[in-house]
Amino acid sequence: MKPDLLMMGPLHAPTQARLEALYTTHRYDLAADKPAFLAQAAAAGHTAMATRGDYRITDELLAQLPALRLIASFGVGHDGIDTPAASRRGIVVTNTPDVLSECVADATWALILSTVRRTVWQDRFVREGRWPQGPAPLTGKVWGERLGIVGLGRIGKAIARRAEGFGMSVAYSGRRRQADVAFDYVPDVTELAHASTVLVVATPGGPETRGLIGAGVIQALGPEGYLINISRGSTVDEAGLLAALGSGQLAGAGLDVFQGEPHVNPAFFELPNVVLQPHAASATHHTRQAMGQLLLDNLAAYAEGRPVLTPVGADRPA
Ligand code: 8YV
């Protein structure tokens, strides 16, 4: 008989298929009567759950699943999960760090290059037959410019490594100076923005970073500066960003994440100086497969009584 597995919602399709082959899955999102679903899960004593970092798991929900011992989450970010509450209740939460860092860094550079060099805009310019009427406007440059990284975790470091190829200087802000890097540490984000041409936001989401990139930071980045956000929509003051982009107070923005996604404020669609992505930084076949494998490995380790591979903890930055 297959072991039971609670699920908050569907995951990456190939991972979902493997989970369904290995476990009897019980889907919270598909349950018409949620209280009855939870009561049944509690009575059956289900101990493991698979989820995603953006599916909401509140303390109130956890209170109704007293037998739960493991939440295995797909993705490195886990801002949808009340991890302090899980920890208080003796529930281990795992995520899928490391395996996604390189593809996320690639996607970040795609955003940096396409935003500064206006690649998407220029593609449209050619397609719309506007070239014969005259050349496209000149753009800013990437090579040799100053890169600021807000949050130099594993993803931030993978982004920084690629900067060498573009001859860029790198500085970063974050909770602490990192012993293993030679980049300049600028603890104040506004100061970092002031010193950067391209500012990349690579922090985890959640209450600690909510609104971190506010009007002051955007103003410090300035009319020749570019903001790239691959963290969470919650880290940026979107109204302030839209105003700065529209008025020329900021040169451009490359955004993978948004407040209220998948619904994006349509004001962004009118702006020529933005490149927009549907939260796709980790969305390669290779990386999503590796994330799914790590989730499966965490579930298997728990089931076999071994230590889980990647528990979420305060010392594991994104
Ligand atoms: C998620 C992400 O994997 O890992 C994260 O924190 O934001 C993405 O890589 C994706 O949203 C999960 O479906």
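**Exercise 1.** In this predicted model, determine where Ile 57 lies and whether Ile 57 is buried or exposed.

*Solution.* Step 1: locate the residue. Ile 57 sits in the loop that connects S3 with helix H3 (59–63). Step 2: apply the cut-off. A residue counts as buried under 20% relative accessible area. Ile 57 has a relative accessible area of 1%, and is therefore buried. Step 3: list its contacts. Leaving aside residues up to four places away in sequence, Ile 57 touches Met 8, Met 49, Thr 51, Leu 62, Ile 71, Gly 80, Ile 81 and Asp 82.

**Exercise 2.** Check the span of helix H11 (residues 285–303) against its number of residues, and state which elements cover its buried residues.

*Solution.* Step 1: the expected span is 1.5 Å times one less than the number of residues. Step 2: for the 19 residues of H11 this gives 27 Å, and the end C-alpha atoms are 27 Å apart, so the two values agree. Step 3: the buried residues of H11 include Ala 290, Met 291, Leu 294, Leu 295 and Asn 298. Step 4: among the elements covering them are strand S1 (4–7), helix H1 (13–22), strand S4 (70–74) and helix H5 (101–116). Step 5: after the helix comes Gly 305, with a positive phi near 80°.

**Exercise 3.** Describe which residues surround the ligand and how much of the ligand the protein buries.

*Solution.* Step 1: the surrounding residues include Arg 52, Phe 74, Val 76, Gly 77, His 279, Arg 288 and Met 291. Step 2: by class, the shell holds 4 nonpolar, 4 polar and 3 charged residues. Step 3: a polar backbone atom of Val 76 lies 2.7 Å from an oxygen atom of the ligand, and a polar side-chain atom of Arg 52 is 3.5 Å from a ligand oxygen atom. Step 4: the ligand alone exposes 330 Å², of which the protein buries 88%.

Terms used:
Residues are numbered from 1 along each chain as its sequence is written. This is a predicted model: local features need pLDDT of at least 70, side-chain atom pairs count only at pLDDT 80 or more; totals for chains, interfaces and linings use all residues. Side-chain values use heavy atoms; hydrogens and water are left out. Helices (H or I, at least four residues) and strands (E, at least two) are DSSP runs, numbered from the N terminus. Buried means under 20% relative accessible area, exposed over 50%, partly exposed in between (1.4 Å probe, protein chains only). Contact means heavy atoms within 4.5 Å. A residue is near a molecule or strand if one of its heavy atoms lies within 4 Å of it. A polar contact is a pair of N or O atoms within 3.5 Å; within protein, one must be able to donate a hydrogen and the other to accept it, and residues adjacent in sequence count only if both atoms are side-chain atoms. Accessible areas come from the Shrake-Rupley method with a 1.4 Å probe; for residues, only the protein chains shown count as cover. Ala, Val, Leu, Ile, Met, Phe, Trp, Tyr, Cys and Pro count as nonpolar, Asp, Glu, Lys and Arg as charged, and the others, Gly among them, as polar.
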